[in-house]
Amino acid sequence: LRHQRRDDFWKHGSVCEEFDRITCPVYAIGGWADGYSNAVPRLLSGLRAPRKGLVGPWAHLYPHQGVPGPAIGFLQEALRWWDHWLRGVDTGIMEEPVYRVWMQEGVPPRSFYPERPGRWVAEPSWPSPRIRTERLVLEPDRLEWRSGKDSSASQPGSALEISSRLTVGLVGGRWCSFGVEGELPGDQREDDANSLVFDSRALEEKLEILGAPVARLEITADRPVALIAVRLNDVAPDGSSTRVTYGLLNLTHRNSHERLEPLDPGRRHAVTVPLNDVAHVFPAGHRVRLAISTAYWPIAWPAPEPVRLAVFTGASGVELPVRPAWSRDAELRPFERPESAEPSEEVDIHSFGVTRRIDRDRATGETVYTVSVDATETGDIALYRLESIDLEAGHAVEEHFRISETDPLSAEAEIIHRTVSRRGSWQTGITTSTRLTSTRTDFRIEATLEAREGEKLVFERSWDRTVPRDLV
């Protein structure tokens with residue numbers, strides 16, 4: 001939190017600063033429901049060493065445990081890679097396309113999918129010259145198609161204003177899913193209702209995209225610090241809205257993450273908002289929706305003051321990376337079935353469950369989003385037993401995200417985490433609590449840690465830190 005712009009702290013751990021220093025072969029693997037899937041295409045674009053990329057439909061899990069499915073034989077795939085590069089065995093892996101991804105079919109919005117319909121597709125290089133850019137221009141209440149990057153239709157247009165409720169984002173799911181029910185984004189209609197929304201006409205035929213869509217917008221703001229959230233949604237004929245991908249930008253970072261510039265209220269700015277990479281099929285009869293908001297809670301902390309943005313139609317649009325069909329997709333080598341080591345002798349004593357609840361106080365306007373991970377039977381610690389070492393262990397988590405619809409300084413995030421380990425009469429437990437709040441000028445972090453052996457408190461510590469806001 002003390003490093004709110006791209007300084008040496010971030011550069012030290014960022015391979016993009018010196019891609020050429022990486023000379024070993026790289027196989028980068030991720031999942032579309034993971035928080036880190038963008039790293040795969042970025043590595044393929046930047047590295048010059050031998051490289052491959054693979055992105056499945058998975059959350060933050062190994063591909064042989066992949067949820068949403070289908071899971072694959074990841075250990076066999078890793079062995080093919082290492083046999084080629086470490087043992088000189090010709091496994092054929094380097095003759096296969098550089099980038100292979102799960103092309104996700106359009107589906108009704110759900111916060112959990114055990115399996116995600118789709119198919120494996122591949123590109124022989126990345127960035128791929130086969131991907132073409134199609135531009136949709138923002139017009140009042142609609143998206144109009146433009147071929148390529150033609151900007152001849154970029155007229156001043158009208159200014160459409162938006163000042164979102166600060167609860168926009170509550171149906172956005174977790175930033176990084178771990179394959180647990182309730183973590184994926186649900187039906188976007190609630191968030192769409194408090195956003196600027198632009199819909200295309202119904203598609204006459206299916207549309208496939210692969211890559212990172214980019215919103216290019218002309219805006220004004222009435223405050224020097226503002227956030228913009230841009231979502232690309234798939235709208236079915238019944239009106240349901242599935243989030244395909246999204247992008248966030250602190251507008252003081254519009255020209256650089258290192259050299260920040262406050263907005264000049266009332267001045268017109270051209271901003272580029274990259275959305276997360278994705279592979280998605282919009283079915284025929286569906287509509288492409290672009291939704292713009294000034295908040296995305298609790299994934300993004302709100303700006304210090306309520307913000308009103310104006311987006312200029314005609315001059316604003318979104319570029320889609322459209323992927324044409326490729327006959328070689330059908331010839332891809334199938335992945336083997338998932339394999340793994342024998343599971344440990346783990347016995348549930350109190351199996352865990354996840355509950356998610358949104359409570360709205362209509363009198364005060366406060367909304368509390370609560371996530372609890374605890375024992376399904378007791379609501380306390382979720383326990384399991386490792387028979388081989390005669391150990392019982394478990395944990396419980398509570399997350400509370402509070403905010404008023406109109407006051408950004410009401411934002412509060414609190415996480416309480418409890419763990420326990422026990423064997424016979426011996427037992428240890430750790431409880432941590434962390435709370436983040438902010439004023440107009442500062443962030444405040446309050447935290448406590450308690451460690452116990454049996455009932456005896458053996459260690460405790462507390463923190464109370466204030467960090468100045470740096471154009472956030």
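In the predicted model, strands β5 and β6 form a hairpin with 2 residues between them. Within the turn, Asp-141 adopts a positive phi of about 70°. Strand β5 spans residues 132-139 and runs antiparallel to β6, to which it is joined by 5 bridges. Across this pairing, Glu-139 stands opposite Arg-142 of β6.

The side chains of β6, which covers residues 142-146, alternate along the strand. Leu-143 and Trp-145 point to one face and are buried. Arg-142, Glu-144 and Arg-146 point to the other face and are not buried. Arg-142, the residue opposite Glu-139, thus belongs to the face of β6 whose side chains are not buried.

Most residues other than glycine have a negative phi, and most peptide bonds are trans. Departures from both tendencies occur in the model, beginning with backbone phi. Besides Asp-141 in the hairpin turn, a positive phi is found at Asp-390, where the value is near 55°. Asp-390 is placed in the loop that connects β21 (382-386) with β22 (391-404). Its relative accessible area is 34%, so Asp-390 is classed as partly exposed. Leu-471, likewise not a glycine, has a positive phi of about 55°. This leucine lies in the segment that follows β26 (456-468). With a relative accessible area of 25%, Leu-471 is also partly exposed, because the class of buried residues is confined to values under 20%.

Two cis peptide bonds involve prolines in the loop between β2 and α3. One joins Val-67 and Pro-68, with omega about -5°. The other joins Gly-69 and Pro-70, and here omega is about 10°. Pro-68 is located in the loop between β2 (51-56) and α3 (74-87), and Pro-70 lies in the loop between these two elements as well.

Strand β22, which borders the loop containing Asp-390, includes Ser-404. The relative accessible area of Ser-404 is 14%; since this falls under 20%, the residue is buried. When neighbours within four places in sequence are left aside, Ser-404 is in contact with Leu-166, Gly-365, Glu-366 and Ser-410. Ser-404 in β22 is therefore buried at 14%, whereas Asp-390 in the loop between β21 and β22 is partly exposed at 34%.

Methods
Residues numbered from 1 in each chain as written. Predicted model: local features only at pLDDT ≥ 70, side-chain atom pairs only at ≥ 80, totals over all residues. Heavy atoms only, no water. Helix = DSSP H or I, 4+ residues; strand = E, 2+ residues; numbered from the N terminus. Buried < 20%, exposed > 50% of the residue type's maximum accessible area, 1.4 Å probe, protein only. Pairing = 2+ DSSP bridges. Contact = heavy atoms within 4.5 Å.
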